[in-house]
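Work through these exercises with the sequence and the 3D view side by side. Try each task before reading its solution.

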Amino acid sequence: MQGFNKYYPPDYDPSQGSLNKFRGKHALGDRARKIDQGILITRFELPFNIWCGTCNNHIGMGVRYNAEKKKIGAYYSTPIYSFRCKCHLCSGWFEIQTDPKNTRYVVVSGARQKEEDWNPEDNGGFAVHDTDKEQVNIDPLAALEKTTDAKRLVETVQKPRIQSLQQTSEHYNADPYALSSKARKRFREEKKVEQNKRRSDDFLKDRYALPAGMSLLEEDEQAKEEARTEWQKAKLDRELRESKRRKTTLDIISIPATSSRLSRKASANSGSDALSSLRSRILQNTAKSSALGSARS
């Protein structure tokens, strides 16, 4: 924890005043080295761009200096202060004073303010009150005409508008309880419809394994008709594909059946030829054996 205690020397006498007075120092320290002249060293920031009168260099708005602050007068009950600063680019001094009458700062000596004219009225603001400007003579007829136009505007535009707004406000605020009940009833009905729709959507998503984050369309006659048309079109396409597949399957099955008949017929012919040749060979062998037996006898 930071210590805030002060050291009091043994020879300190409280009757002599504060500790700063006993040590011969001011409470503000070095900032009050010229306090006897009415000058206090304070941190001052330039309110606008200036040109130094000694080195003729530009000093931008917002540059800070350790200025000598001094009260030089008053405007009614508002004090007028003078800020004397030393240029950081040279050893020249310049002085700036407050102007409570016109709510601004004024360069007194050692520099000149950069002229940057800006009219608030041209930029959507309010006009600056100029106290030095002479009072312009106003034509009484023009003032009367302006007042008449303003009254006519109030009677024809502003007053009916205010009355219509008041009637609207009275209409909607005459019975707050009834209006609140009607609004809450409509809210409950809409909430109930939304809950039923969410429940049916969740059922469809679970049934068809759809993503949980998918948003389904609202049910209306147009959407139903489009869905029905798409379903019928898909059904026709499926039937055409099934018929083509059946036809292709029948063609594939008929080709092997024909080839099997031809092969069986060829095998039957070849079998009959082999049987006849075997039969002829057996007869030949029988004839040969009978001839040899007769020859031996």
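**Exercise 1. Find the nonpolar patch on the surface, list its residues and classify tyrosine 208 as buried or exposed.**

Solution. This is a predicted model.
- Step 1. The patch consists of Phe203, Leu204, Tyr208, Leu210 and Met214. Together these residues have about 470 Å² of accessible area.
- Step 2. Place tyrosine 208. It lies in helix H3, which covers residues 176-208.
- Step 3. Classify it. The relative accessibility of tyrosine 208 is 52%. The cut-off for exposed is over 50%, so tyrosine 208 counts as exposed.

**Exercise 2. Describe the overall make-up of the protein chain: its helices and strands, their pattern, and its buried share.**

Solution.
- Step 1. Count the elements. The chain has four helices and eight strands.
- Step 2. Read them along the sequence. The pattern is α-β-β-β-β-β-β-β-β-α-α-α.
- Step 3. Check burial. Of 297 residues, 11% count as buried.
- Step 4. Add the surface. The accessible surface comes to about 25500 Å². Carbon and sulfur atoms hold 54% of that area.
- Step 5. Look at contact range. Take contacts between residues at least 6 apart in sequence: 33% of them join residues at least 24 apart.

**Exercise 3. Trace how strand S4 pairs with S1 and with S5.**

Solution.
- Step 1. Start with S1, residues 39-45. Seven bridges connect it to S4, residues 64-75, and the two run antiparallel.
- Step 2. Pick a pair in this ladder. Phenylalanine 44 faces tyrosine 65 of S4.
- Step 3. Move to S5, residues 78-86. Its pairing with S4 is also antiparallel, over seven bridges.
- Step 4. Pick a pair here too. Glutamate 68 has arginine 84 in S5 as its bridge partner.
- Step 5. Inspect the turn. S4 and S5 make a hairpin with two residues between them. Tyrosine 76 in that turn has a positive phi of about 60 degrees.

**Exercise 4. Work out the strand order of the open three-stranded sheet and explain why S3 and S8 are edge strands.**

Solution.
- Step 1. Write the order. It is S3-S2-S8, with antiparallel pairing.
- Step 2. Find the edges. S3 (58-59) and S8 (111-113) each have a single partner strand, so one side of each lacks a neighbour in the sheet.
- Step 3. Check one pairing. S2, residues 50-52, is joined to S3 by two bridges.
- Step 4. Name a pair. Isoleucine 50 stands across from isoleucine 59 in S3.

**Exercise 5. Characterise the surroundings of threonine 98: which residues does it touch, and is it buried or exposed?**

Solution.
- Step 1. Locate it. Threonine 98 belongs to strand S6, residues 93-99.
- Step 2. Classify it. Its relative accessibility is 18%. Buried means under 20%, so threonine 98 counts as buried.
- Step 3. List its contacts, leaving out residues up to four places away in sequence. They are Pro79, Ile80, Tyr81, Phe83, Arg104 and Tyr105.
- Step 4. Add the polar contact. The threonine 98 side chain comes to 3.0 Å from the backbone nitrogen of tyrosine 81.

**Exercise 6. Examine the salt bridges and explain the sequence spacing of the pairs in helices H3 and H4.**

Solution.
- Step 1. Recall the principle. Side chains of opposite charge can pair when their charged atoms come close.
- Step 2. Get the total. The structure holds nine salt bridges.
- Step 3. Take arginine 33 and aspartate 30. Their closest N and O atoms are 2.8 Å apart. Arginine 33 is partly exposed at 49% relative accessibility, while aspartate 30 is exposed at 56%.
- Step 4. Go to H3. Arginine 198 and glutamate 194 meet at 3.3 Å, N to O. They sit four residues apart in this helix, so about one helical turn separates them. Arginine 198 is partly exposed at 42%, and so is glutamate 194 at 48%.
- Step 5. Go to H4, residues 221-296. Glutamate 225 and arginine 228 are three residues apart here, so about one helical turn separates them. Their closest N and O atoms are 2.9 Å apart. Glutamate 225 is partly exposed at 45%. Arginine 228 is partly exposed at 42%.
- Step 6. Finish with a network. Salt bridges with shared partners link Lys34, Glu68 and Arg84.

Note on methods: Residues numbered from 1 in each chain as written. Predicted model: local features only at pLDDT ≥ 70, side-chain atom pairs only at ≥ 80, totals over all residues. Heavy atoms only, no water. Pairing = 2+ DSSP bridges. Buried < 20%, exposed > 50% of the residue type's maximum accessible area, 1.4 Å probe, protein only. Polar contact = N/O pair within 3.5 Å; in protein donor to acceptor, adjacent residues only side chain to side chain. Contact = heavy atoms within 4.5 Å. Patch = residues over 30% accessible without salt bridge, like charges linked within 9 Å, V, L, I, M, F, W, Y side chains within 5 Å. Areas by Shrake-Rupley, 256 points an atom, 1.4 Å probe, with all protein chains shown as cover. Salt bridge = Lys/Arg side-chain N within 4 Å of Asp/Glu carboxyl O.
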